[in-house]
Amino acid sequence: MASAEDEAWESFIGDIRPRLKELVVVERLLDHVHFIGPEQKEHIRQRARAEGDRAAADLLIDAVTRRPHSLGWFRAFVDALASSGCDYAADIMQEKLPKPDVEAENDQCVRLIQILSPGLVGMKTEEVCLHCLSRGLITAEDSEIIKAETTSRGPRSGARELLRSIVRGRPGWFSNFLQILRETEHQSLYELTGGSPDLDKEGENCSSLKDEATGSEAVSKSPAAADGGCDSAELMVFAVTEDPQDEAMDLYAGASSEYEPLPKSLEPSQPDGTLPEAAARGPETTDICLRDYQMEVARPALEAKNIIICLPTGSGKTRVAVYITKEHLDRRRAEGQPGKVVMLVNKVPLVEQHYSAEFLPFLKPKYKVERVSGDCQLKISFTEILKKNDVIICTAQILENHLERSNKEEDEGVKLSDLTLIIIDECHHTQKGEVYNHIMMRYLKQKHKNIKWKKEQREPMPLPQILGLTASPGVGGAKNMKKAVEHILRICANLDASSIMTSSLGDYKKQPNKTTLAVEDRIEDPFGDVIKKIMNAIHAHAKLSTNCDLGSQRYEQWIVETEREAAAKEDHKVRVCAEYLRQYSEGLNLSNIIRMHDAFGFLNEYYEKEKNKKMNPDEEHKIQITDTERFLFNVFKENKEELRSLAGNPQYENDSLSKLRCKILHEFSSREEARGIIFTKTRRSAIALSHWIQENSKFADIGVKASYVIGGGDQSVVKPMTPAEQKDVLKNFHNGDVNLLIATTVAEEGLDIPACNFVIRYGLVTNEISMIQAEGRGRAEDSSYTLVDVKNSGVAEKEWVNEYRKKMMNKAIKNIRSLNQADYEKQIIDFQFQAIMEKKVRLVKKKQRDMKSECPSKVKFNCRHCSQHVCNGDDINIIENMHRVNVTEQFRELYIAREDPPLHDRPLDLETKGLIACKICGQGWGVMMVYRGIECPCLHVQNFVVTLNGKKIAKCSKWSELPVRFSAFDYAEQARQLASSSDEDDTN
């Protein structure tokens, strides 16, 4: 049991955790933390090497705060921070915080270095490093690392390491750094960072940012009028504009919120299609140079027409959008009219990417640019950000939410008439059910209302110009040309596009060489045979039979359906056997994709997890183990050592992995500087392949540095990646610290990934859009695109279909572009009316469903494993329209609480304290979430058998599938009850 003091320290570290993650140097700190075991330290070090300091810092802080604590652990951690040179972090741990204005100024200085880093990395690194060491801005160990980086990778790379070290220091480092730049005769860099060109007196302070004029006030002042002793007015306006813009890189957004680290690659990435010097010349640069093909596709948009731009991945579509944005704002300003541009993206990482790499470098300081996503810590509302800025990059859902608020006449709403240009990235997603389409349906309804109003001589509502960007609209599964044309025309209609613009890239086009590596079946597969033996034993025990091949997709579908039916019938033997069979089927598939060692690890992890469920931390209650569960535990235990032994025998490894090994070795040994991406189907296979490469010395010998990037959704049992973690990996890929990326489909579309020599699709083929996106990643000279077949994947056949669809798509676009404009517009209007009517029908059906919403008292929940009655719908409350909780006294008697779950079991959007499970059988029911200080058991509906009006629902995996409206959680009432019970305890 932790003491009250330990709990207080844990809570304090939780509060300052985001700050600590940016200030600690993990490798160095581990040498001084003696209360963490050697195995845990090695695990943290491996994470640091594979994914960077930020990800490893999370693990380290988890290890520090994990109970039970050794005596004096907190003081020891503070001492370790101080000993490892993390002085500012040690200060924060001891609550030696600078004054708020000093801290705010330090944050501004960090962001200024971030923004101006492309110029700063040109410094004389060794000389500046020596001065920084003598002034105490860096430690001796920092200096050694910087020198090593400079020796191995050059002075610019060393400069990046130097800047990262400096900004971790205590407040006050900025003025010293300015003075060092001046002393080392970096006059241009000194002035770039705010130093006065006329300053001759050493020691005169020119570093204060807090007195600078901000926003429009600064623009109106001449250099002579600016306060703070710094004459570089234009520069300082760029660095310190209004508060939202000050969040330019979110380096230090505050101790209680998440913020981004100084990246290893400080230079903004340059997509193909523009001059790389354009963005690097400095913040005042606004000139954008387009290539001929880019200007060709942009021309109609420059005439204020709605269009779709369809260009291959890596051809500079986003740069074209920036150019159109600038011309749009320039034209409106010249006409004396306000301009308001919103760029919509469908993935959170794209918000920061487009903001920092494209829009900010080319539009500042002439226009105010801001980004907003669910990942940002907003200080003001979205509507206020919209008012204060000229260009906003945001996730589409945020705009849709605020358009809906306006539609309901709520405060803080946004109207389409508030905007003058909407740019839609990856616009092929503007189809039924997609958020892009919800926004465009509002647009189309208003467009046709405007036509009606004009006839009635009423003033129409202004609508924004629309610009869609895509590498491939696809054909929507069409089997003939007519359907393909119709699919693309529907997208054009949904975006109200007057045309779809394409162009030949000419000499700029880089087409990778495509090959397919066929895979032979194993001559022997003893590992798979043992798994099949276990599965057949389970079939016999549960009296199940099927004619499906074990491990096939049909078998997977059959076993899922069997489990659902058994749960509804309360047939516990069949249900639990079906659950285990599904895991063995997954293990069988994994052994055909990745190492048998990884497949065994997956099965063993599941076995240990299920076994631990039967261990009650509360000795008063004994969790029941059925005869079937005992049989399932024993059948794995009996075969475990044989599986382990076979998994370690390379003789039986699958041919797919052998082909992949040869391909990687060939690419890295035959190229002077190789850089590649491997696309794979699942998160588990991406992580396993990354570890396989990192653990293989042959790959290391030829310079392979691998890492993985996976999605951020929490639908999978595998821990998802946060946007910050994705960003860190991609930065390492940009600057060469990683040269082989293993990715799921998250990397196919949109994310800013540099040109590659080779792309490998490992047992993964989806549709023609994904194929075109993946091909576009291999855009370096002499690049290759390789398909590696995997047993039961059928990738070669699917790829052939996609090639056919790609040709059909290109021909369909050509046919559409050759249409007479009047015929084109007629078809567009027809499709628009059809889309509007379909939307109305869906809304009517939704209203009918809502009206049929059942009373909560008519729904009952039983444990999915042991069928114990758990609660009724009346017992459940809903928090923030999302989380279903049960805080009744009766429910509290039915569950046990387990320790904090491993990271991959934690929902991303909750502050969780652990798992809750059935007291009788150990079945997980959900998590213990903490809502504004109150513990609330949060239920996951897939863990229960749901009965509605006396009828069992076999499939209910999401709360949204249940037509029941639960009552809202009454926070005040619950807090009052807790306070009352606390008073009674005190009295007793």
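Trainee: Which residue forms a salt bridge with E183?

Mentor: R135 forms that salt bridge with E183, and the closest N and O atoms are 2.5 Å apart. A salt bridge here is a side-chain nitrogen of Lys or Arg within 4 Å of a carboxyl oxygen of Asp or Glu. Please note that this is a predicted model, in which local features need pLDDT of at least 70 and side-chain atom pairs count only at pLDDT 80 or more, while totals for chains, interfaces and linings use all residues. Residues are numbered from 1 along each chain as its sequence is written, and side-chain values use heavy atoms, with hydrogens and water left out.

Trainee: Where do E183 and R135 lie?

Mentor: E183 lies in helix α11 (residues 173-183) and R135 in the loop between α8 (125-134) and α9 (140-153), so the pair ties together parts that are 48 residues apart in sequence. Helices (H or I, at least four residues) and strands (E, at least two) are DSSP runs, numbered from the N terminus.

Trainee: Is E183 buried or exposed?

Mentor: E183 is partly exposed, with a relative accessible area of 30%. Buried means under 20% relative accessible area, exposed over 50%, and partly exposed in between, with a 1.4 Å probe and protein chains only. R135 is also partly exposed, at 33%.

Trainee: How many salt bridges are there by this rule?

Mentor: The count comes to 47 salt bridges. One of them joins the side chains of R17 and D62, at 2.7 Å from N to O. R17 lies in helix α1 (residues 4-23) and D62 in helix α4 (residues 53-65), so this pair ties together parts that are 45 residues apart in sequence. D62 counts as buried, at 15% relative accessibility.

Trainee: Which residues are linked with R17 and D62 in a network?

Mentor: K21 and D58 are linked with R17 and D62 in a network of salt bridges.

Trainee: And what about D655 and K659?

Mentor: Their side chains meet in a salt bridge of 3.0 Å, N to O. D655 and K659 are 4 residues apart in helix α28 (residues 655-670), so about one helical turn separates them.

Trainee: Changing topic, what is the order of the strands in the open sheet?

Mentor: The 6 strands follow the order β8-β13-β12-β9-β11-β10, and their pairing is parallel. β8 (513-517) and β10 (706-709) stand at the edges with a single partner strand each, so one side of each is left without a neighbour in the sheet. Two strands pair if DSSP finds at least two bridges between them.

Trainee: How many bridges join β8 to β13?

Mentor: There are 5 bridges between β8 and β13 (residues 784-788). In β13, S784 is the bridge partner of N513.

Trainee: Which peptide bond leading to P68 is cis?

Mentor: The bond from R67 to P68 is cis, with omega near -5 degrees. P68 lies in the loop between α4 and α5 (73-83). The bond from K364 to P365 is cis, with omega near -5 degrees, and P365 is placed in the loop between α18 (348-363) and β3 (369-372).

Trainee: Why mention such details?

Mentor: Most residues other than glycine have a negative phi, and most peptide bonds are trans.

Trainee: What is phi of E185 near?

Mentor: Phi of E185 is near 60 degrees, a positive value in a residue other than glycine. E185 is found in the loop between α11 and α12 (187-192), and E185 counts as exposed at 65% relative accessibility.
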